[in-house]
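Dear colleague,

I am passing on the structure we spoke of, and would be glad if you could look through it alongside the notes below.

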Amino acid sequence: MAVARDGVERFGDAAARFAFVRPKRPEPLPVQIGRRRIYVLPTGFGLFLGAMLATMLVGGLNYNNNPALLLVFLLAGLANNSLVQAHLLLSGIRLRSLHADPVFAGEPLPLKLRFDAAGSRDRPGLELLCEGEHAEFSLPAGEEPEVVLAIPTHRRGWLVPGRMRLSTLRPYGFARAWSWLRPDIALLVYPAPELGAPPLPASVGDGDSPRSRAHGEQPHHLRDYRAGDMPRQIAWKASARADKLLVREYESAVARDLLLDWHALPELAHEPRIRRLARWVLEAERSGSRYGLRLPGLELPGGRGPEHRHACLRALALLPEAGAGRG
Amino acid sequence: MGKAVPPPLDRGTRHACLLAAGACALPMLVQLPPWLAVALALAFALAWFSAKPWPAAWRLLLTLLVGGLVLAAFEFRIGRDTSCAALVAMLMLKPFETHTRRDAQSLLGFSLFAPFAAFLQDQGPLTLGLALPAVALSVLAWSRLSQGRAVPLLPELRRMAVALGLALPLTLAGFWLFPRLSTPLWGLPENSVGRMGLGDRMTPNEWLDALVDDSPALRARFLGDTPPRAQMYWRGPVLMHFDGEAWTRDIGAGNLPAPALEPLGRTFRYEVMFEPTERRDLVALDLPLGAPESASLNSELTAVNAEPVNNLVRYTGVSSPQARFTGELTPWQRRQALALPPGRDPRTVALAQAWRAEGADAAALTARFLAMLRRDFKYTISAPPVGRDATDDFLFSTRLGFCQHFSSAYAVFMRAAGIPTRVVTGYVGGHYNRYGAYWLLKHKDAHAWDEVWIEGRGWVRVDPTAAIAPDNILDTLDDLQARQRAGQAGGADAVFGPMFDAGDFMRRQWNELVLGFDALRQQELLRPIGIDRADAWQLVLAFGIGAGLALAITLWVLLHQHRDRSHPVLRAWRALVRRLARAGYPKARHEPPLAYARRVSAAHPDAGAALFPVSQRYSDWRYAATTLTEEQQAELARQLRRFRIPSRSRS
C-alpha cells in the first residue's frame, strides 16, 4: 500500500543524497543504529500543530492568559518529548542480517532482514522502506523478528539495494524519526527465463545412449532433504522411518550430458540468448537430466540438482553486458 | 499517477478522535447559553453516528443553520463570545467531514483551540477542570491515530499519564520563565454580552442578576490593621445621573483629577485580587488615598484600570475611611449632584421640600429620613414592582426593597431637598476565610449606598440600607439560598462552611500562584539570586537554563523509565552474567546456564566452586520447574547478586 508522503518526508528523503547524511558509505553487517545517525523532522501534522501552538502562544502572551499559556506549554512539552521518544525508539536497533534467495529478474525479491535491539525497551511502530516498498513491524524487547520486504527487480546480476529507511512516527505522529541503512551487500538476481522458448535441444553428440529418465527408475540411494528438492522426490515412507526427510536420488544412466551451449545459438542477441539458456537450465533441471553449460570463457561441466542449477543461473546472471565482453 | 483515495478511518480511531474533540469543546460549551449548547451537542451526536459522509448540500445546510443559531444566541452582535461560540460550533460540525486520517488530524489540531478559547472567556476552576481531560483524551487520540488500530486501553492510559508527567518540567519552565509581554500588542476583543459585575447603570425597578451570583468578585487581605467590618465599603463606580428610572455614570469624571483628601483617623493597607470583569473599574476601600498600581483615580474617587480587567489583577491600596475632602464642589458638579428628572415623584419632592422648609440641614434630614426607614420599611430582595414614579411608589406605598431602592430613594429625596447627593456602588462586607486570613467578596455582596455633600466636610457616606431595623429584614439573599439548599442538603452549612473556606483558600492560592502571574512578577522572579528587576536577556537566559534543566530531567526519566520488570531472580542472573562478561567470560546467546557455568569454572577454577552450585540452583528454578518459596527465591537472588569472580592471582 502506497502511503502519501508529505513535503517534509520528501525533503528528508531527498536530503539523503547529501554527503553529510549518515551513513556516508555502505557498511558491513551488523549495522548498529547509533544516536548520531538518527534524523528527526516533524511531519505535516506536527507542523500544523506547531503552527496552532505558536498562535496560541502569541495569543496567550498577549492577553497574559495564564491557563492558556499552561495549556500551550504542556502541549509543547508533550510534542517536544515525543521527538525524544521517537529518537529513543530507533536508537540501539541493530540490523543483524540481511539475505534473500535469488529470484528471476522481474519478480519481487523478498529481502529477509533480521533486527534486534539492546535494552529492555519495546520498540513498536517501526517502518522499513526500500525501493518504494515498505513493511511495518515492531521489535519487542528481547525478540529478533524477521522482516520481509519484497523489492522489485529489473535486471539480472548483482542487485545492490538502495538506501533503506528505518523510521517511526510514534508516539503521536508529530514527527518522523529515521535512520538510513546502507548494508554493504549485493543480492543475486537470475536472468528472466524466456517465455515460450523452444524445447530443450536433443542431447548433442552420438545419441546412441537413450536419455534416461530420472523418474520411474530404481532409486540409487536416499539422501537428506535439501531446500529446493521437489516434493515428489521425497521418500515418504523412508522418511517416516528415519524421522527425517529423505529424498530419492536417482542414478541416471545417461551416457552423455546435455550441453547447453552459448555458441550454438548464434541467431539470438545477447540478452535473449541468456534468457533462452536460463529457460533451458530450468527445463533441464526439471527433466532430471544432467546438463552442462558452456558460456564465453566459462564452462560448467554436467551436473544436476539445486546447487548446479544455481551455479548455472548465477553464471548466466553474471555474464557481462552485451558488448562489454566481446573482443 | 492518479490521486489515491485515502483509506477511511477505522471506527475506533474515528471515535477516539471525535471523543477528544468533544472533550476539547466541552469547557467552551458549558459557557454557552444552554439551549445552544444542547443544539451543538445534538449536532455532534448526529455526526458521531454518521460513519458515511453526508452529501455536500446537506452539510452546507446544517452549517448555515448552526451558524444562524449561534448568531441568534448572541443577538446578531459580533464579539469575542460570538467568535468563540462560532469556533466551538465549527468544531462540533467538523466530525461530519472527518472520515480519513487527514481529516482526523485537522480535527485534532483545531480542537486544541477550543480550550484556549474557553480560557479567554473564563479561567475558573470548572474550565480548568474540564480542560485537563480534554488534553488527556487528545493525547490518547493522537496515539491511537498514529497506531491506526485498536490498542489495549490500560497500557495506553499509563503511557498517557507518563507522557503528561514527563511534559511537566518543560511546562513549568515555560510557564514561569518564558519571557512575558509587559504590555499587550493588541487588546482583547470585547464580548457582545456583558458579564456580571458592578455596572454602569442601576435600575431600582429591575431585578439584578448579580444579587444571586455566588461567584467571587474579589479577595482582599489587609496588611496590618483590619478595619471593623462595618467600615468595609469597597468603592466602585459612582452613579451621578438619574433619569427617573436608572442611575448612570458621569462620563466626564475620568477627565478630572481626583479630589484632594486629608487622611483622618486610621489608615489601612490592603491587597486585592480582583476577578476579571471585562470592565475597567476596580474597587478600593472607601476612601482611597491613592490609585492602585495599574489604575488611576477619577474625580469621583473610583479606581479605573488602564485597560479592561480581562485577567485576574492584583493591586494594593491605602485607604482612610474617615478621610475628609479638602476641596470644594465646582458649580458644575453641584448642578449635577442636584439634578432630578422633571415631573417625576411629586410626593417625594414635596416631602423633601417640606422637611427642608422646617429648617433641617443635611444631617438632620438624613437622620429623619433614616428614622423613617427604620420605622416603616422592610428589607426584601423580592421587592414588588413600582410604577412610573418609582420613588413615590416605594416611599409611600410598597415600602419594601433592597439596597437599590433605598439608596435611590434617599438620593432622590436629598436632591429634592437641595443637598448634593450621589449613589456609590461597590461591595460591602464579605466572608472571612480563616485558612487564608482574607476576605472573600462575592458578586452578591454588591451594594449601593449614597454620599451627601456637607459643606466643610465634603462627601459623607450614608448607607440607608443599613438603617433598616434587623427585625424588618424579611428576606435576604442568604435566606433565599438557604431555602434552596434546604431542599437538597438540609442546612448543612456547619459542615460545608469550613469545606467551602478551604476550597476557596485553595482557589486563592491558585490565583496567586498561577492566574495572577504576569510580566511584572516574572521580573521579580530572579530576586532570590540577587537580580531585583530582571532584564529581557536575563529572563531569556533563565528560560534557556530552565528549559535545559527540564529537558535533562525528562531525558533522564525517559532513559531510565524502562526498568527491567522481570523476576528478581532473573534480573540477578542477568546481572551476574554481565559481571562475568566484564571479567572476560561473555556468555554466548545459545549457551545454557549450566554449560556456561561449566565453561567459566573450567577457565577459572577458583570461581567455579561457588559459581556452579548457584547456577545449578538457578537452572533448576528456571528450567526444571523446581518450585521455590518466596524466601528461597529471595535467597537465590541474593546469592546470585553476591557472587563475584575472585581476582586471578598473578601467578
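What follows is a summary of what was found, beginning with the interface and then turning to single chains and residues.

Please bear in mind throughout that this is a predicted model.

The size of an interface is often given as the accessible area lost when the parts come together. Between chain B and chain A that buried area is about 4500 Å², and carbon and sulfur atoms give 72% of it. On the side of chain B, the residues that lose the most area to chain A are F116(B), W142(B) and W186(B), which together make up 14% of what that side buries. In terms of contacts, 54 residues of chain B meet 41 residues of chain A. The polar part of the interface amounts to 11 residue pairs in polar contact, counting pairs with both residues at pLDDT 80 or more, while the rule finds zero salt bridges across the interface of chain B and chain A. Several helices of chain B each supply at least two residues to the side that touches chain A, among them helix 5 (101-111), helix 7 (125-147) and helix 15 (493-515). Helix 8 of chain B gives the most to that side, with eight residues.

Chain A, taken by itself, has six helices and 17 strands, and 48% of its 327 residues count as buried. Among the contacts in chain A with a separation of 6 or more, 66% are between residues 24 or more positions apart. The accessible surface of chain A comes to about 15800 Å², of which 55% belongs to carbon and sulfur atoms.

Over all chains the structure holds 44 salt bridges. In chain A, K112(A) pairs with D101(A), with the closest N and O atoms 3.7 Å apart; K112(A) lies in strand 5 (residues 109-117), whereas D101(A) sits in the loop between strand 3 (93-99) and strand 4 (103-104). Both partners count as partly exposed, K112(A) at 23% relative accessibility and D101(A) at 47%.

In chain B, a salt bridge of 2.8 Å, N to O, joins the side chains of R80(B) and E278(B). This pair links distant parts of the chain, 198 residues apart, with R80(B) in helix 4 (residues 80-93) and E278(B) in the loop between strand 7 (268-274) and strand 8 (284-285). R80(B) counts as buried at 3% relative accessibility, and E278(B) is also buried, at 18%. Salt bridges that share partners also join E9(A), D13(A), E127(A), R165(A) and R176(A) into one network.

Another arginine of chain B that you may wish to inspect is R219(B), which lies in strand 2 (residues 216-223). Since the relative accessible area of R219(B) is 1%, this residue is buried. Its side chain makes polar contacts with the side chain of E275(B) at 3.0 Å and with that of D504(B) at 2.8 Å. Leaving aside residues up to four places away in sequence, R219(B) touches a set of residues that includes Y438(B), W439(B), R507(B) and N511(B).

Lastly, on the surface of chain B, W537(B), L541(B), I545(B) and L549(B) make a nonpolar patch of about 460 Å². W537(B) belongs to helix 17 (residues 536-560) and is exposed, with a relative accessible area of 54%.

With kind regards

Note on methods. Residues are numbered from 1 along each chain as its sequence is written. Chains are lettered from A and ligands numbered from 1 in the order in which they are written. This is a predicted model: local features need pLDDT of at least 70, side-chain atom pairs count only at pLDDT 80 or more; totals for chains, interfaces and linings use all residues. Side-chain values use heavy atoms; hydrogens and water are left out. Helices (H or I, at least four residues) and strands (E, at least two) are DSSP runs, numbered from the N terminus. Buried means under 20% relative accessible area, exposed over 50%, partly exposed in between (1.4 Å probe, protein chains only). A polar contact is a pair of N or O atoms within 3.5 Å; within protein, one must be able to donate a hydrogen and the other to accept it, and residues adjacent in sequence count only if both atoms are side-chain atoms. Contact means heavy atoms within 4.5 Å. Patches are made of residues with over 30% relative accessible area and no salt bridge: like charges are joined within 9 Å, nonpolar side chains (Val, Leu, Ile, Met, Phe, Trp, Tyr) within 5 Å. Accessible areas come from the Shrake-Rupley method with a 1.4 Å probe; for residues, only the protein chains shown count as cover. A salt bridge is a side-chain nitrogen of Lys or Arg within 4 Å of a carboxyl oxygen of Asp or Glu. Buried area is the accessible area (1.4 Å probe) that two parts lose on being put together, summed over both.
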